[in-house]
Structures are given as C-alpha cells and as structure tokens.
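This report describes a pocket and a helix pair, together with the criteria behind each term.

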Amino acid sequence: MPLGLGRRKKAPPLVENEEAEPGRGGLGVGESGPLGGVGAGGPQMGLPPPPPALRPRLVFHTQLAHGSPTGRIEGFTNVKELYGKIAEAFKLPAAEVMFCTLNTHKVDMDKLLGGQIGLEDFIFAHVKGQRKEVEVFKSEEALGLTITDNGAGYAFIKRIKEGSVIDHIQLISVGDMIEAINGQSLLGCRHYEVARLLKELPRGRTFTLKLTEPRKAFDMISQRSGGGRPGSGPQLGTGRGTLRLRSRGPATVEDLPSAFEEKAIEKVDDLLESYMGIRDTELAATMVELGKDKKNPDELAEALDERLGDFAFPDEFVFDVWGAIGDAKVGRY
C-alpha cells in the first residue's frame, strides 16, 4: 500500500493496565510479564514459551551490579525469563531487577543488555535502590530525555541532553526508572508511550516524577550519568557469537552482526531517538531485518505495518529509515 494511504493502526493507550494479561518487552525483547511490557512487535500477545528441549542450554555468569558473588544462569529464552533466573540465583523477587548491563557493573547505557547477548558476555543485574519524587517545571517543549525500557514493564532514562531542562536537576540521573508522572503509574508502559506522555505535558507548568534509581556500589555513588553518546553505536555482544532473544519462538544462537547491519542499526536507533525520544537497539535491529531486502519505501512501510503497526510510525520517519538502510548498504556512513 502506498505510503500515507490508510497505513496507520490505532495507537495503544498511553498507560496500560498494571494487571494486563501477558502478551520484546523493552529493549525490545521478551514476552510481557505481569507488568504488561511487550515486545518489539508492539502491544500484542506472545506465544507460550517454547519447551525446554528447544531452548539453548548456554550458561552465563552474572553478578549484582552493586556487588555479590558470581552466579550461573541458563535455560532462558527472553528477557522476562532472564530476570527470573537472575532473581532465583540471588534469592530476590524478579520485580527488583531493573535492567542489565554487559561486562560492566556501571550504569553505562552503551553496554545495556538488549535483544542479543554475546556468548562470552558477563551479565550485571541492576536492582532497585532509592526511590525519589522530583518536581519539574517544564520551561521548554523538549525536556532533554531519551527513554528506553527493560523488557519487563519498566521504562527508564537512557540519556539526558546536556543543557536541557532535566540536565539542570541533579536529582534525576541516567538509569532512573520512571514509576509515575503526576501520580499516574507507568508500570507496564513501553518507552515510546512514556516519551509521548512527557512530550504532551503542557509547557509552563510543573509536574511530578516518581523515580527509582538503581542500587549503586560504593565506587558509583558520585556518578550521575552514563548515557550513551550520539553515534557511539549499539553494543550487540562480544565473543564467539550472540544469543538472540525473541518475543516469539525459541532464542537462537547467531553470528555477530555484519558491518552493514551494525551501522544500519546504529543509524535507525538514532532516528528513533530523533523522532520518538527513545533508543531501542533491538527494535532498530528488527526494522533493519525487515527493510534490508525491500525494493522500495512502500514495501518497507507495509512490512513495518504488519510487524510493528502499533507504533504508528509517521511517513517521513519510514522514508528516513529506508534511506538509512540504503546508505549503510553502500557504505555511506
């Protein structure tokens, strides 16, 4: 169907019911959990988990980011199950796990675990720490926040733009989970829903953010941000290959992304931040996978509508994604 002609599906509600039934959760992977997080395909029901016999029996080492003995986890196929395995290893509720980073205990958004884990990666789990409420006066239309989510119903701050409204509020940091805005719970919301809600807040008024920061180790206490720099590129894993976590079907072991795929994913992720105020490596990877063999923007638009229609991407965004994939194909970086 040509671009702009009846493509758009109805967008999902800004805030899903906290008790919504399960359906990539954030960072673009995994099935939804009790909090209602959903996959890279937008809000939808997922298939039942595959039988254990179909799951890759790979063993990963993990620690709690603020400090713990080393644990061993295996037998997971999506982010929700990964968090569950980490919780079992350290005897804590799965809901305490906020997000994971690869090969560093620091709140480094360049090392955020997304939809792929290098087969030799070490997983650090960041758990809930101090809760806080902050009043923010929206003096500008743009707050300077980039939002991502964890794959299990938690949206959090991935980047704070230097000199922005939020940058001047020292209590707000990269890695903070956004629990509520003006008392409205955001548990179970996707990153793009939270970004949209923040954008729609009226300029010239004060609003309240309820936040939870990740628990910090002693050497992290003075840190305020570890947000990714523009153009720093996605971190898709190290080692012999990657474990690809999927919202539907079993996880699969794959080769590392090609140079074209890495650059295309980086450029599409930049477009997601520019247009929607989110960063999501796995969502970007899904879009590149859908678009790399398409012959024109209309074919890409149809593929995005079929797989990711609930995001309601604007036509100009689809054109730019098509251009970004094409540039990466011919080496125009």
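Which element supplies the largest share of the lining of the largest pocket? That share, five residues, comes from α2. The model is predicted, with local features needing pLDDT of at least 70 and side-chain atom pairs counting only at pLDDT 80 or more, while totals for chains, interfaces and linings use all residues. Residues are numbered from 1 along each chain as its sequence is written, and side-chain values use heavy atoms, without hydrogens and water.

The largest pocket holds about 720 Å³ of space; a pocket here is an open set of points on a 1 Å grid over the protein atoms alone, where a 1.4 Å probe fits, with protein on both sides within 12 Å along at least five of seven lines, and lining residues have an atom within 4 Å of a point. Among its 25 lining residues, Lys-199, Glu-273, Tyr-275, Met-276 and Gly-277 are the closest to the centre. At least two lining residues come from each of β6, β7, α2 and α3, where helices are DSSP runs (H or I, at least four residues) and strands likewise (E, at least two).

The two sets of residues divide by class as follows, with Gly among the polar residues and Tyr among the nonpolar ones.

| Set | Nonpolar | Polar | Charged |
|---|---|---|---|
| Lining of the largest pocket | 14 residues | five residues | six residues |
| Contact of α4 with α5 | seven residues | two residues | one residue |

Helices α4 (residues 281–291) and α5 (residues 297–308) pack at about 135°, their axes 9 Å apart, and are therefore oblique to each other (outside the ranges under 35, over 145 and 65 to 115 degrees). Leu-283 and Met-287 are among the α4 residues that meet α5, whose partners include Leu-300 and Leu-304, contact meaning heavy atoms within 4.5 Å.

Notes
Axes are lines fitted to C-alpha atoms, for helices over the stretch in contact, and angles run from 0 to 180 degrees between N-to-C directions. Grid points are joined across faces, edges and corners, and a volume is the space filled by probe spheres set on the points.
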